[in-house]
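Please go through the sequence and structure shown below. A short report on the strands, helices and loops follows.

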Amino acid sequence: MQKIYETVIGLEVHVELATKTKIFCGCSTEFGGAPNSHTCPVCTGMPGSLPVLNKKVVEYAMAVGLATGCTITQYCKFDRKNYFYPDNPQNYQISQLYLPICRDGGVEIETSAGKKTVRIHEIHMEEDAGKLVHDEWEDVSIVDYNRSGVPLIEIVSEPDMRSAEEVIAYLEKLRLTIQYLGASDCKLNEGSMRADVNLSVREAGTEVFGTRTEMKNLNSFKAIARAIEGERQRQIELLEEGKPVIQETRRWDDNKEYSYAMRSKEDAQDYRYFPEPDLVPVVISDEWIAEVKAREPEMREEKLLRYQEEFGLPEYDAKILTGDKSFADLFEAATALCGKPKKVSNWIMVETIRLLKDNGMAPDQLRMSPVNLAKLVTLADSGTVTNTVAKEVFELVFKEDIDPEQYVKDRGLATVSDDDALRAAAEQAIRDNPKSVQDYRNGKEKAIGFLVGQTMKAMGGKANPGMVNQILRELL
Amino acid sequence: MELMSLTATELGRRIQAKEVSAEEAVSAALDAIERKEKAVGGFVTVDREGALSRAKEVQHKILAGELKGPLAGVPVAVKDNLCTKGLKTTCASKILYNFVPGYTAEAVKRLEEAGAIVIGKTNMDEFAMGSTTETSAFGPTRNPWNTDHVPGGSSGGSCAAVAAEECSFALGSDTGGSIRQPSSFCGVTGIKPTYGTVSRYGLIAYGSSLDQIGPVAKNVTDCASVLEVIAGFDAKDSTSVAREDYRFTEALVEDVRGLRIGIPRDYFGEGLDPEVKAAVHAAAETLRDKGAVVEEFDLSLVEYAIPAYYVIACAEASSNLARFDGVKYGYRAAEYEGLHQMYKRSRSEGFGPEVKRRIMLGSFVLSSGYYDAYYLKALRTKALIKQAFDQAFASYDIILGPAAPTTAPRLGASLADPIKMYLGDIYTIAVNLAGLPGISLPCGRDKSGLPIGLQLIGDCFQEKKLLRAAYAYEQTRQYERSPLAVM
């Protein structure tokens, strides 16, 4: 009889915080920059240098903790994690082991199987490492410490997820929450959000967990889903063959869709954690927690309700608009400018999403400013331009963030409502298409559509379609 | 040399009075170094040209009235574990033999801003690990009182340079007695301030939770004046403390009437040299004669200080010294295959035996399965020792005892038996564990003529009481110059 297996998954999610400066020094966290241009004695581990904690890091970590129902550790400390690697200039990483800043939280997720809560074990603060560049031509390795000391939080879940779908839902939920808080942009492809997947399988109905593996190098939701499926299969096959699953760290290769063992538990390093003596304990008062809580922006759930109540949007639309902070921000700003929530929503839901898809872009890559979107909505809604023109101009707003008012004015794209001009064009259309005229007069109502089209064409698409229709009927 | 026999503040006074120029003061120090270094070996690096050119600038500012402090133009020697921009900083280790820092330690920066002129970097036990300055990769420093003897350590170079009058004062660092013990051995005065008083920014760490920078000089007045300059809150050091009062020189008053001085019986037990014991007791009597209330008490827990110290200091050191790996700066093995071998060879060849011993000890006590039994227990012991001192300071203003159980041992007599060497730190180590300020000042000499040091310990942030007692005692004695000072 075939056995039924259950997959048990817990995640360790690293998120780069959106602070302007690094966690323990004043260097910029800006992406890019010439190698080692954003460095100082502290983040390059120079002898005698000392770390000083960036308060903003604590606030972001607290904000994420509060938004995910965690308890804030009001007396929290940093610890040193000791290991040798050249991307780690001190050969220890300042992290938190014994007293992490947040503990015992959870988030609610919704999947096809319904709602459930994924518990969060802890969230701790730590510093990122530098980057090694291997120059095979010269046969040397070069280190860039620009990322060294960039603040991270690591969100450790309990092993509460049972499928890739739940994992993705959990990650989406975390991403939205953190984006709404402004604590990080959470881009998986750029590494500002990274997930390590701890996975084990067990026979359905068993209480004890199977031996787990940890998978690293997962750069997209799709890769995560594939890796989970791949690892699940691999473990089940091992068990079916009567072989043990080895507790180890594996690296997922998304091109080959296979994971490779990096190191097993036997040769796992002893990190010799101990309290960081160069930093004093972080004491978090009730007032500070209240302050951070008070600054919490409107979160997704609240927005979702408000969009329906205040703007009368359907739930489906509100869900899409709030499903990405970039959409929500754009929607609210443009609506505030033009006062037409439904129209703004439509332009985002239809044209914007279509163009994003066509161009392979993510919502946070939108360049269009709310001002120009609002102007375009007004132009279209007031009939100043025709729908066709509006769509054309929108593409330019989307791509280059042009000022649509100016553009329409410069190119003379405004709808022509001048009776004489329209009448002349209509008369010409009647002269040129006697067959259609005949058909119309013979009772073929549809034939007028063709004449309207011909008139519009002659007017370069700018004619007011209502007027054209009316004039034609008069003339015929 | 006339100028080098002066105290730092007296030299500074004469410079302000335009009787002496900064250039003359610095030249005098450089001349003294030239004549005496062969015998003393107090310096790793002498910055002759840099010092002379800075002296010129400083003199200019003094004449312009921009530098009016007591240390302007005064030559200072700095322990070689304090970073100095553009000037080699080695920690007396092969692994940093060529390291030139890109920035200057906060304490040194404050001295330079006050116009003091760094003339060179002093020898020390490698990474401040040792009590004799013999573990230096660049050879030992000798005691200016008798060059067959060690100057103590780890700030042996700084203390010997002051005692030999190669500089007017010096900076040292003290993790378990590294300022006080060599001050005692060299017949000079040195202060280990309350933890957090002097910024550690730029001090190459040994035991971060215990390290403090402090002054070494000919007398208490100099030490107080230097401390006033180097102490202060520094946002770059998270363990730095903003104190209410930094006016240490105000405490230089010859008045100990009513001052309660406690003498821990535990400090006068087995292992204490009878001559040291007699000299320290005599000093206590002197203070009693001057009106202090002196009595004996039991401090307890002293015997646990040494194991607790070696566990904590070595644990921190094992991590602090991990950055010396041949990747970014310093020594890298000439031949290696792959990263792992580069690490291994660079560190094996770059560190000396005492440093390796402490890294191994520290790595061991932090390793999984041993952490609770060693490191956590040591932290608890540290807390208990602090409590014992708190109790003592409820009854006393000052604790008085020896700085070291003996006078300076002969060169080569200590390293063979590290445990015995570690036990020599018995009177100084507890002070670091409790974060307290301590001072060592001369209180006599033994039969062979070697100096004996008196240690006074104060409660946290009570440097002023400490200075007052030390100053009052000092007024009853004449400063004794070492044979190499007179040379």
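Which residue stands opposite Lys192(B) in β10(B)? Gly438(B) does. The model is predicted, and this pair belongs to one of the sheets described here.

## The sheet of chain B

Chain B holds an open sheet of 11 strands. The order is β1-β3-β2-β4-β6-β5-β10-β11-β9-β7-β8, with mixed pairing. The edges are β1 (43–46) and β8 (293–297) of chain B. Each has a single partner strand, so one side of each is left without a neighbour in the sheet. On average, neighbouring strands of this sheet are turned by 30° against each other, direction ignored.

At one edge, β1(B) runs antiparallel to strand β3 (residues 117–122) of chain B, and 3 bridges join the two. Phe43(B) is placed opposite Thr122(B) in β3(B).

## Strand β5 of chain B

Strand β5 (residues 189–192) of chain B has β6 on one side and β10 on the other in the sheet order. With strand β6 (residues 212–217) of chain B, β5(B) forms 2 bridges in the antiparallel sense. There, Thr189(B) faces Ala217(B) in β6(B). With β10(B), β5(B) forms 3 bridges, again antiparallel.

How do the side chains of β5(B) point, and are they buried? Thr189(B) and Ile191(B) point one way, while Gly190(B) and Lys192(B) point the other way. All are buried.

## Helices of chain B

Helix α16 (residues 463–474) of chain B lies across three strands: β9 (398–402), β10 (438–445) and β11 (451–458) of chain B. It runs at about 150° to β11(B).

Helix α10 (residues 302–320) of chain B is mostly covered, with 15 of its 19 residues buried. Its length can be checked. At 1.5 Å a residue, the 19 residues of α10(B) should span 27 Å. The end C-alpha atoms of α10(B) are 27 Å apart, which agrees.

## The sheet of chain A

In chain A, 9 strands form an open sheet with mixed pairing. The order is β2-β6-β7-β10-β1-β11-β12-β13-β14. β2 (71–72) and β14 (258–264) of chain A are the edge strands. Each of them has a single partner strand, so one side of each is left without a neighbour in the sheet.

Strand β11 (residues 193–203) of chain A is joined by 3 bridges to strand β12 (residues 213–216) of chain A, and the two run antiparallel. Val197(A) has Met215(A) in β12(A) as its bridge partner. Helix α3 (residues 221–240) of chain A lies across β11 and β12, and also across β1 (5–16), β13 (248–253) and β14 of chain A. The helix runs at about 30° to β11(A).

## An alternating strand in chain A

Strand β4 (residues 79–82) of chain A pairs with strand β5 of chain A over 4 bridges, in the antiparallel sense. Asn82(A) has Tyr92(A) in β5(A) as its bridge partner.

Which side chains of strand β5 (residues 92–95) of chain A are buried, and which are not? Tyr92(A) and Ile94(A) point to one face and are buried. Gln93(A) and Ser95(A) point to the other face and are not buried.

## Unusual backbone sites

Glu257(A) has a positive phi, near 50°, and is not a glycine. It sits in the loop between β13 and β14 of chain A. Is Glu257(A) buried or exposed? It counts as exposed, because it has 12 C-beta neighbours inside 10 Å.

Cys91(B) also is not a glycine and has a positive phi, about 55°. Its loop lies between β2 (75–79) and α5 (106–113) of chain B. Cys91(B) counts as buried, because it has 32 C-beta neighbours inside 10 Å.

Gly153(B) and Ser154(B) are joined by a cis peptide bond, with omega about 10°. Ser154(B) belongs to the loop between β3 and α6 (156–163) of chain B.

## Domains and chain contacts

Chain A is assigned three domains: domain 1 (5–288), domain 2 (298–410) and domain 3 (419–475). The C-alpha centres of domain 1 and domain 3 of chain A are 66 Å apart.

Between the chains, 25 residues of chain A are in contact with 31 residues of chain B. On the chain A side, 15 of the residues are nonpolar, 6 polar and 4 charged.

Notes: Residues are numbered from 1 along each chain as its sequence is written. Chains are lettered from A and ligands numbered from 1 in the order in which they are written. This is a predicted model: local features need pLDDT of at least 70, side-chain atom pairs count only at pLDDT 80 or more; totals for chains, interfaces and linings use all residues. Two strands pair if DSSP finds at least two bridges between them. Two residues are in contact if their C-beta atoms, placed from the backbone, lie within 7 Å. Axes are lines fitted to C-alpha atoms, for helices over the stretch in contact, and angles run from 0 to 180 degrees between N-to-C directions. Ala, Val, Leu, Ile, Met, Phe, Trp, Tyr, Cys and Pro count as nonpolar, Asp, Glu, Lys and Arg as charged, and the others, Gly among them, as polar. Domain bounds come from an automatic or database domain assignment. The expected span of a helix is 1.5 Å times one less than its number of residues. A residue is buried if 20 or more other C-beta atoms lie within 10 Å of its own, exposed if 12 or fewer, and partly exposed in between; C-beta atoms are placed from the backbone.
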